[in-house]
Amino acid sequence: QVQLVESGGGLVQPGGSRTLSCVGSGFTFSSYAMSWYRQPPGEEREWVARITTQSQFTNYADSVKGRFTISRDNEKNTVYLQMNNLKPEDTAVYYCTSRAMDVWGKGTLVTVSS
C-alpha cells in the first residue's frame with residue numbers, strides 16, 4: 001500500500017526554523033518527483049515546493065522562495081522541507097505528495113506564533 005507520512009511540525013517562533021520530513025513506502029520512491037503543499041487555516045491548499053527524482057531540479061512558490069529548501073534522500077525514501085525565517089503566514093498544515101500518483105500524507109501542522 002502506498003503511504004506517505006509527514007513529521008516535524010510544531011510551534012515555532014517568528015524568524016525561527018523547522019525541518020519537516022516525509023517518508024514514503026509501498027512504491028519506488030526514487031522514480032517519482034515529490035512536492036510539498038500547505039493549507040493555511042481557512043484557506044485552500046497551495047503548492048510550496050517540488051523536487052525531481054534525483055534532485056536535479058527544485059522549484060518553489062514565490063511566497064517561500066529564498067526561505068525554504070526542499071531536498072530528498074532516496075536511500076531513506078524521505079523528502080525534507082527546511083524552513084527558515086518563518087513568518088506567521090507560514091502557519092499551515094503541510095502535506096507531502098507524489099502528484100503523479102495523487103497520493104498524499106495526512107499532513108503535519110506548523111504553527112508560527114510568538
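Two strands count as paired here if DSSP finds at least two bridges between them. Strands of a sheet pair through backbone hydrogen bonds, either parallel or antiparallel. With that in hand, welcome to this structure, which is a predicted model.

## The four-stranded sheet

Let's start with an open sheet of four strands, arranged in the order β1-β3-β8-β7 with antiparallel pairing. Its edges are formed by β1 (3–7) and β7 (68–73), each of which pairs on one side only. On average, neighbouring strands of this sheet are turned by 15° against each other, direction ignored.

How many bridges hold β1 and β3 together? There are five, and the two strands run in the antiparallel sense. If you would like one spot to find in the viewer, look for Gln3, whose bridge partner in β3 is Ser25.

Strand β3 also contains Ser21. This serine has a relative accessibility of 19%, and because buried means under 20%, Ser21 counts as buried. Leaving aside residues up to four places away in sequence, Ser21 touches Val5, Glu6, Ser7, Trp36, Thr78, Val79 and Tyr80.

Just beyond β1, the loop between β1 and β2 (10–12) holds Gly8. Is Gly8 buried or partly exposed? Its relative accessible area is 31%, so Gly8 is partly exposed. Gly8 has contacts with Arg18, Thr19, Leu20 and Thr108, again not counting residues up to four places away in sequence. Gly8 and Val110 are 102 residues apart in sequence, while their C-alpha atoms are 8.3 Å apart in space.

## Strand β4 and its partners

Now turn to strand β4 (residues 34–39). Five of its six residues are buried, so β4 is largely enclosed by the rest of the structure.

Strand β4 pairs with strand β5 (residues 46–51) in the antiparallel sense, over five bridges. Met34 has Ile51 as its bridge partner in β5. The hairpin of β4 and β5 has six residues between the strands, and there Gly42 takes a positive phi near 75°.

Strand β4 is also joined to β9: five bridges link them, and the two run antiparallel. Here you can look for Gln39, whose bridge partner in β9 is Val93.

## The disulfide

Which two residues are joined by a disulfide? They are Cys22 and Cys96, with an S to S distance of 2.2 Å. This link connects distant parts of the chain: Cys22 sits in strand β3 (residues 18–25) and Cys96 in strand β9 (residues 92–98), 74 residues apart. A search of the whole structure finds one disulfide. The torsion about the S-S bond of Cys22 and Cys96 is about -80°, so the disulfide is left-handed.

Both ends are hidden from the surface by the cut-off used above. Cys22 is buried, with a relative accessible area of 0%, and Cys96 counts as buried at 0% relative accessibility.

## Aromatic rings and an arginine

The whole structure has four aromatic pairs according to the search. Two of them are set out here.

| Aromatic pair | Centre to centre | Angle between planes | Arrangement |
|---|---|---|---|
| Phe27 and Tyr32 | 5.6 Å | 75° | edge-to-face |
| Tyr95 and Trp104 | 6.5 Å | 80° | edge-to-face |

Why do Phe27 and Tyr32 count as edge-to-face? Ring planes over 60 degrees apart get that label, and the planes of Phe27 and Tyr32 stand at 75°, so the pair qualifies. Phe27 and Tyr32 also belong to one aromatic cluster with Phe29. Phe27 counts as buried at 13% relative accessibility, whereas Tyr32 is partly exposed, with a relative accessible area of 26%.

In the other pair, Tyr95 is buried, with a relative accessible area of 11%. Trp104 counts as partly exposed at 25% relative accessibility.

Which residue lies over the face of Tyr95? The answer is Arg45, at 3.9 Å from the ring centre. The charged end of Arg45 also sits over the ring of Trp104, 4.6 Å from its centre. Arg45 is thus a good place to rest your eye: look from there to the ring of Tyr95, and then to the ring of Trp104.

Key: Residues numbered from 1 in each chain as written. Predicted model: local features only at pLDDT ≥ 70, side-chain atom pairs only at ≥ 80, totals over all residues. Heavy atoms only, no water. Disulfide = S-S within 2.5 Å. Buried < 20%, exposed > 50% of the residue type's maximum accessible area, 1.4 Å probe, protein only. Phe/Tyr/Trp six-rings, centres within 6.5 Å; stacked < 30°, edge-to-face > 60°. Lys NZ or Arg CZ within 6 Å of the ring centre and 35° of its normal. Contact = heavy atoms within 4.5 Å. Axes fitted to C-alpha atoms, helices over the stretch in contact; angles between N-to-C directions.
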